[in-house]
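Hi,

Here is the structure I said I would pass on. Have a look at it first, and then read my notes below.

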Amino acid sequence: MILTGTDIISISRFDDKKLANKNFLDRCFTPAEQEYCLSKARPAQHFAARFAGKEAVVKALSGLDINMDYRDIEILNRKNGRPYVVLHTKDEKILKLAERCDISLSHSESDATAFAVIDLRDTDRKIENGRIND
């Protein structure tokens, strides 16, 4: 089974007023994500791409009836710049899904988009009716 999710968002939704709202940032983004985005010349593009990424992961996980808060989905970058997903949960089954999740983020001047793929093929998990079973 392969789970997918995608999202596109207007960068204008992340205007200076929204980025100045610490409560909003803390509700949706981890400290590491905030630090990364705020270090960029145009932070709105990076916040929008990460937000789209979180929504794409939520949509992919919904194929297994898993719901997670945006704050519990963290999108970081490897040294080479490639993004990866960290899921913050105590559920071992869900944690293992992050290892099988691949994400792509992109943005233009006006929009940010993301695509998430969770590849469950060749896994030791048994999946019945869209749910993970041991």
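Which side chain does Thr-30 join through a polar contact of 2.6 Å? The partner is the side chain of Glu-74. Before I go on, please keep in mind that this is a predicted model, not an experimental one.

**Around Thr-30**

Thr-30 sits in the loop between helix H2 (22–28) and H3. With a relative accessibility of 6%, Thr-30 falls under the 20% cut-off, so it counts as buried. If you set aside the neighbours within four places in sequence, Thr-30 is in contact with Arg-71 and Glu-74.

**Glu-33 and the H3/H4 packing**

A little further along you get to Glu-33, which belongs to helix H3. Is Glu-33 buried or exposed? Its relative accessible area is 0%, so Glu-33 is buried. Its side chain makes a polar contact with the side chain of Lys-54, at 2.9 Å. Beyond four places in sequence, the residues that Glu-33 contacts are Cys-28, Arg-50, Lys-54, Ile-73, Glu-74 and Ile-75. Glu-74 therefore turns up in the contacts of Glu-33 as well as in those of Thr-30.

Next, the two helices themselves. Helix packing is described by the angle between the two axes and the distance between them. Here H3 (residues 31–38) packs on H4 at about 145 degrees, and the axes are 8 Å apart. On the H3 side the contact is made by Glu-33, Gln-34, Tyr-36, Cys-37 and Leu-38. These meet Pro-43, His-46, Phe-47, Arg-50 and Lys-54 in H4. Sorted by type, the residues of this contact come out as 5 nonpolar, 2 polar and 3 charged.

**Helix H4 and Ala-52**

H4 covers residues 43–61, which is 19 residues. Does its length come out as expected or not? At 1.5 Å a residue H4 should span 27 Å, and its end C-alpha atoms are 27 Å apart, so the two agree. H4 is also largely enclosed by the rest of the structure, because 17 of its 19 residues are buried.

Ala-52 is one of the residues in H4. Its relative accessibility is 0%, so Ala-52 is buried. What does Ala-52 touch, leaving out residues up to four places away in sequence? The list is Asp-7, Ile-9, Ala-112, Thr-113 and Ala-114. Ala-116 is 64 residues from Ala-52 along the chain, yet their C-alpha atoms are separated by 9.8 Å. For Glu-33 and Ala-52, the sequence separation is 19 residues and the C-alpha to C-alpha distance is 13 Å.

**After H4**

In the loop between H4 and E2 you will find Asp-65. Most residues other than glycine have a negative phi. Asp-65 is not a glycine, but its phi is positive, at about 55 degrees. With a relative accessible area of 47%, Asp-65 is partly exposed.

**The E2/E3 hairpin**

Strand E2 (residues 73–77) runs antiparallel to E3, and 5 bridges join the two. One of the pairings puts Leu-76 opposite Tyr-84 in E3. There are 5 residues between the strands of this hairpin, and Gly-81 takes a positive phi near 95 degrees. E2 is largely enclosed by the rest of the structure, since 4 of its 5 residues are buried.

In a regular strand, side chains alternate between the two faces of the sheet. Which residues of E3 (residues 83–87) lie on its covered face? Those are Pro-83, Val-85 and Leu-87, while Tyr-84 and Val-86 make up the uncovered face. Tyr-84, the bridge partner of Leu-76, is thus on the uncovered side of E3.

**The three-stranded sheet**

Finally, there is an open sheet of 3 strands, in the order E1-E5-E4, with antiparallel pairing. Strand E1 (2–10) and strand E4 (101–107) are the edge strands, each pairing on one side only. From one strand to the next the twist averages 10 degrees. E4 pairs with strand E5 (residues 111–119) over 7 bridges, in the antiparallel sense. Within that pairing, Ile-103 has Ala-116 in E5 as its bridge partner. That is the Ala-116 whose C-alpha atom is 9.8 Å from that of Ala-52.

Cheers

Definitions and conventions: Residues numbered from 1 in each chain as written. Predicted model: local features only at pLDDT ≥ 70, side-chain atom pairs only at ≥ 80, totals over all residues. Heavy atoms only, no water. Expected span 1.5 Å × (residues − 1). Buried < 20%, exposed > 50% of the residue type's maximum accessible area, 1.4 Å probe, protein only. Axes fitted to C-alpha atoms, helices over the stretch in contact; angles between N-to-C directions. Contact = heavy atoms within 4.5 Å. Nonpolar A, V, L, I, M, F, W, Y, C, P; charged D, E, K, R; others polar. Polar contact = N/O pair within 3.5 Å; in protein donor to acceptor, adjacent residues only side chain to side chain. Pairing = 2+ DSSP bridges.
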